[in-house]
Amino acid sequence: MITTNPASARLRRALADRLEADGDLRTPTWRAAVEQVPREMFLGEGVYRRHDTADGTLWEPITLARVGEARWLELVYEDTTWVTQLTPLAQPSEPAEPGQVPGAVQGVPTSSSTLPGLVVRMLEHLEVQDGDRVLEIGTGTGYSTALICHRLGNDQVTSVEIDPDVAARAATALTAAGHRPTLITGDGLAGHPDGAPYDRIIAACSVRTIPTAWITQATPGARILTTMSGWLYGFGLLALEVTGDGTAHGRFLRDTVSFMPARPHAAPPLPADLPAPEGEARPPIYGASILDEWMGRFLAQLAAPTAQRLHLPGDDATPPADLLIDQATGSHAWLTSTDTGSLVQQHGPARLWDQIEHTYQLWDQAGRPTQDHFTVHITPHAQSVRVDTSDDPSGSWPLPTRPGVGMTRA
């Protein structure tokens, strides 16, 4: 681990200048934290850089030993998300740090240091006040934890990390940087009741539904900031106010933020045997390209929360297609494109594309409201999303009651 030096201090000030110019950093207290917390102490001695190739995504290990201290510090203070741990496809049972990998590999990232601009933007959205007690879900490298400790003090901060190896590295880094918050290794979706109540809760992972523990462990008036996503990867940054008695209400912010899903909320594996197209074919009102839009995915996910998408690019003999599979109901929909137009075929008890088109059309007819016109309402019995530009009762969608497949009507 390298120690801080004048070059690091200069780069921290430059990073703060850049984040302020970009509008991510807005208050003096968070600027002071960015200028004082050395990010290099939380990246260990290596990271992975992403390369998208014709053969798939490769992850190149970059280490302090290979590039030297000066170049390493320049990389550390880029406004970039660095993957710090992944599971190589060749060894799926063994997560690997960059120093353990000789060259570029395919793999699944399992821990990262989020770009500082997003970290700071989230912290600004959290709207902390002096004396607030904060629960952080997802310690990760510990960098954001250190920023919160600098702002509020160690005694006000509790951070939960599910991965024991990641948690141990973060604890070491935080201690070395002079911070001693309460660190818990466990499921952040369960919060940490022994440290409750909390005035602010912030999650560095996405969830499909708001965990009950976050609501019950928060003070009345507490603010919860998290990204909500699902199995179609439609993201929204949600700010909730806890109103007591298991209830909370909030609104999505106009901010395009995405995080890895909380592990219990991640999508199940797709079946090895894909269903064949069947059912009556019709021209779609909207094509599968709406699933390539930020709002399109967000809306489709509200309409079909247990659906997953597989895009098949096609070849000379087969036209491109998109398959939606809902393993919860045994339903699927095929959307194919040919020289003569597009077709959709649906099968099963849920007409997935009908549901998605209805929601997209409702949004279209309402004037395409931005994401901050969508609100979330939570009671002890149900959670729902509503659009505030429509009096149509169909402009309300239930969220899953559990991370898995169940749903309830609000």
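This report describes the sheets, helices and selected residues of a predicted model.

## The ten-stranded sheet

An open sheet of 10 strands, with mixed pairing, follows the order β7-β6-β5-β8-β9-β10-β11-β17-β18-β19. At its edges stand β7 (182–185) and β19 (396–398), and because each has a single partner strand, one side of each is left without a neighbour in the sheet. From one strand to the next, the twist averages 20°.

Strands of a sheet pair through backbone hydrogen bonds, either parallel or antiparallel. In this sheet, β5 and β6 run parallel and are joined by four bridges, and Glu-136 has Ser-159 in β6 as its bridge partner. Strand β9 (residues 218–228) and strand β10 (residues 236–244), by contrast, run antiparallel and are joined by six bridges, with Leu-238 in β10 serving as the bridge partner of Thr-226.

## Residues of β5 and β9

The side chains of β5 can be followed residue by residue: Val-134 and Glu-136 point one way from the strand, while Leu-135 and Ile-137 point the other way, and all of them are buried. Glu-136, whose bridge partner in β6 is Ser-159, is thus one of the buried residues of β5.

A residue in β9 gives a contrasting case, since Pro-220 has its place in that strand and is exposed, with a relative accessible area of 67%. The C-alpha atoms of Pro-220 and Ser-144 are separated by 25 Å, and these two residues are 76 residues apart along the chain.

## Helices that lie across the sheet

Helix α6 (residues 143–152) lies across three strands, namely β5 (134–137), β6 (157–161) and β8 (198–207), and runs at about 175° to β5. Helix α9 (residues 294–303) lies across β11 (247–252), β17 (374–378), β18 (383–387) and β19, and its direction makes an angle of about 30° with β17.

## Packing of α1, α2 and α6

Two packed helices are described by the angle between their axes and the distance between the axes. For helix α2 (residues 28–36) and α6, the angle is about 125° and the axes are 9 Å apart, and the two helices are therefore oblique to each other. Where α2 passes α6, the crossing is right-handed. On the α2 side, Thr-29, Trp-30, Ala-32, Ala-33, Val-34 and Gln-36 take part, and they meet Leu-147, Ile-148, His-150 and Arg-151 in α6. Sorted by class, this contact of α2 with α6 has six nonpolar, three polar and one charged residues.

Helix α2 also packs with helix α1 (residues 6–21), at an angle of about 145° and with the axes 7 Å apart. The crossing of α1 and α2 is right-handed. From α1, the residues Arg-12, Arg-13, Leu-15, Ala-16, Asp-17 and Glu-20 meet Arg-31, Val-34, Glu-35 and Gln-36 in α2. By class, the contact of α1 with α2 has three nonpolar, one polar and six charged residues. Val-34 and Gln-36 of α2 appear in the contact with α1, and Val-34 and Gln-36 also appear in the contact with α6.

## The buried helix α5

Helix α5 (residues 116–126) is mostly covered, with 11 of its 11 residues buried. Among the buried residues are Leu-118, Val-119, Val-120, Met-122, Leu-123 and Leu-126, and the list also includes Arg-121, Glu-124 and His-125. Just after α5, the backbone at Glu-127 takes a positive phi of about 55°.

## A hairpin and a five-stranded sheet

Strand β1 (residues 46–53) and strand β2 (residues 56–63) run antiparallel and are joined by eight bridges. A hairpin connects β1 to β2 through two residues, and Gly-46 stands opposite Thr-63 in β2.

Five further strands form an open sheet in the order β12-β16-β15-β14-β13, with antiparallel pairing. Its edges are held by β12 (281–282) and β13 (307–312), and since each of these has a single partner strand, one side of each is left without a neighbour in the sheet. Within this sheet, strand β14 (residues 321–326) and strand β15 (residues 331–338) pair in the antiparallel sense over six bridges, and the bridge partner of Asp-322 in β15 is Leu-335.

Definitions and conventions: Residues numbered from 1 in each chain as written. Predicted model: local features only at pLDDT ≥ 70, side-chain atom pairs only at ≥ 80, totals over all residues. Heavy atoms only, no water. Pairing = 2+ DSSP bridges. Axes fitted to C-alpha atoms, helices over the stretch in contact; angles between N-to-C directions. Contact = heavy atoms within 4.5 Å. Parallel < 35°, antiparallel > 145°, perpendicular 65-115°, else oblique. Left-handed = near helix turned anticlockwise from the far one by under 90°. Nonpolar A, V, L, I, M, F, W, Y, C, P; charged D, E, K, R; others polar. Buried < 20%, exposed > 50% of the residue type's maximum accessible area, 1.4 Å probe, protein only.
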